[in-house]
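Student: I am new to this structure. Please take one part, the aromatic rings, and walk me through it closely.

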Amino acid sequence: MVPNATIIHRRGYPSPNPHIRLEEITYMSEGLRVKGMLATPKADRKYEGIVYLRGGMQHIGMVRPARIAQFASQGFVVFAPYYRGNRGGEGRDEFAGNDRQDAIFAVDVLKHQPNVQQDRIHLFAFSRGGIMALWTAILREDITSIVTWAGISDVIFTYNERKDMRRMMKRVIGGTPINMPDAYRERTALFRVNEINAPILIIHGMKDENVSFEQAILLEDALREHDRKYETWYFPEYTHYFPAAQNAQTVRDLCIWMKQQQTH
């Protein structure tokens with residue numbers, strides 16, 4: 001069997017930024033061919049790495065080249081896994097089930113890049129990516145920092161608050177939180193945040209109706225209870241999506257925050 005995180009195919013992808021090279025990567029995760037997008041600054045030097053953990057399911061919330069290039073332009077090599085079962089990747093997206101391995105091995109994909117500082121790998125997560133990032137940080141020891149923006153922290157809470165997602169969650173997870181409690185509990189990382197050693201930055205718009213502000217508070221409470229290192233940037237006036245100028249400024253600010261975190 002081909003080892004996990006082995007890159008088996010890479011192809012150039014049109015980049016919206018002349019200073020950033022984009023490639024679509026196919027890599028191995030538990031015997032499955034999974035795809036993702038790699039963004040690399042063209043200037044020849046060593047960069048810190050970001051695993052960008054997308055939100056959504058399938059085509060909703062799919063990785064956007066412009067967004068990946070935006071992060072890379074802040075001086076990072078960025079790899080964004082699509083997760084299994086997406087864009088021609090093998091397997092099936094499980095909404096933070098076994099597909100969390102795709103995020104875990106994405107760290108190694110980044111480390112395989114010759115211009116990446118192997119001891120400086122960060123996680124950036126948006127929306128559904130939040131739960132993926134928490135699991136990656138729980139199951140790996142080599143994460144420098146985590147930023148979760150409008151991130152899901154509790155899958156049961158998501159089921160209860162998003163009526164429009166229930167049918168998808170029942171199909172993917174196999175039932176409801178009432179008749180499949182273990183399957184939901186297994187996906188919820190809050191019970192194991194004591195195993196996270198990297199500092200976490202929680203960013204959330206307080207008017208968010210896609211992933212409610214309560215999810216940020218649940219994560220903050222769990223981190224505080226276990227004396228983990230975290231910071232919060234809460235925005236009372238914003239929803240799930242920030243206005244373009246504020247979004248761009250927040251990306252710049254969080255990238256500076258990442259670079260300031262100490263390797264532990």
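Tutor: Start with a term: a residue counts as buried when its relative accessible area is under 20%. F242 has a relative accessible area of 7%, so F242 is buried. Keep in mind that this is a predicted model.

Now the setting. The protein has 8 helices and 9 strands. Its radius of gyration is 17 Å, close to the 18 Å that the globule rule gives for 264 residues, so the protein is as compact as a globular protein of that length. The C-alpha trace spans about 50 × 40 × 35 Å along the principal axes. Of the 264 residues, 57% count as buried. F242 is one residue that meets the cut-off.

On to the rings. A pair of aromatic rings is described by two things: the distance of the centres and the angle of the planes. Rings pair if their centres lie within 6.5 Å, and planes over 60 degrees apart count as edge-to-face. The count for this protein comes to 13 aromatic pairs.

Take F124 and W149. Their ring centres are 6.2 Å apart and their planes stand at 85°, so this pair is edge-to-face. The two residues come from distant parts of the chain. F124 sits in strand 6 (residues 116-126), and W149 sits in strand 7 (residues 145-149). That puts them 25 residues apart. Both F124 and W149 are buried.

Next, F242 again. F242 forms an aromatic pair with F235. Here the distance is 5.0 Å centre to centre, with 70° between the planes. This pair is edge-to-face too.

Now join the pieces. F124, W149, F235 and F242 are among the members of a cluster linked by ring pairs. The other members are Y52, F71, F126, Y238 and Y241. Find F124 and W149 in the structure, then trace the cluster to F235 and F242.

Links between distant parts of the chain also show up in the contacts of the whole protein. Among contacts between residues at least 6 apart in sequence, 70% join residues at least 24 apart. The F124 and W149 pair, 25 residues apart, is a case to look at with that in mind.

One last stop, for burial outside the cluster: helix 2 (residues 100-111). This helix is mostly covered, with 10 of its 12 residues buried. Among them are I104, F105, V107 and L110. Charged residues are on the list as well, including R100, D102 and K111.

Terms used: Residues numbered from 1 in each chain as written. Predicted model: local features only at pLDDT ≥ 70, side-chain atom pairs only at ≥ 80, totals over all residues. Heavy atoms only, no water. Helix = DSSP H or I, 4+ residues; strand = E, 2+ residues; numbered from the N terminus. Rg over C-alpha atoms; globule rule 2.2 N^0.38 Å. Buried < 20%, exposed > 50% of the residue type's maximum accessible area, 1.4 Å probe, protein only. Contact = heavy atoms within 4.5 Å. Phe/Tyr/Trp six-rings, centres within 6.5 Å; stacked < 30°, edge-to-face > 60°.
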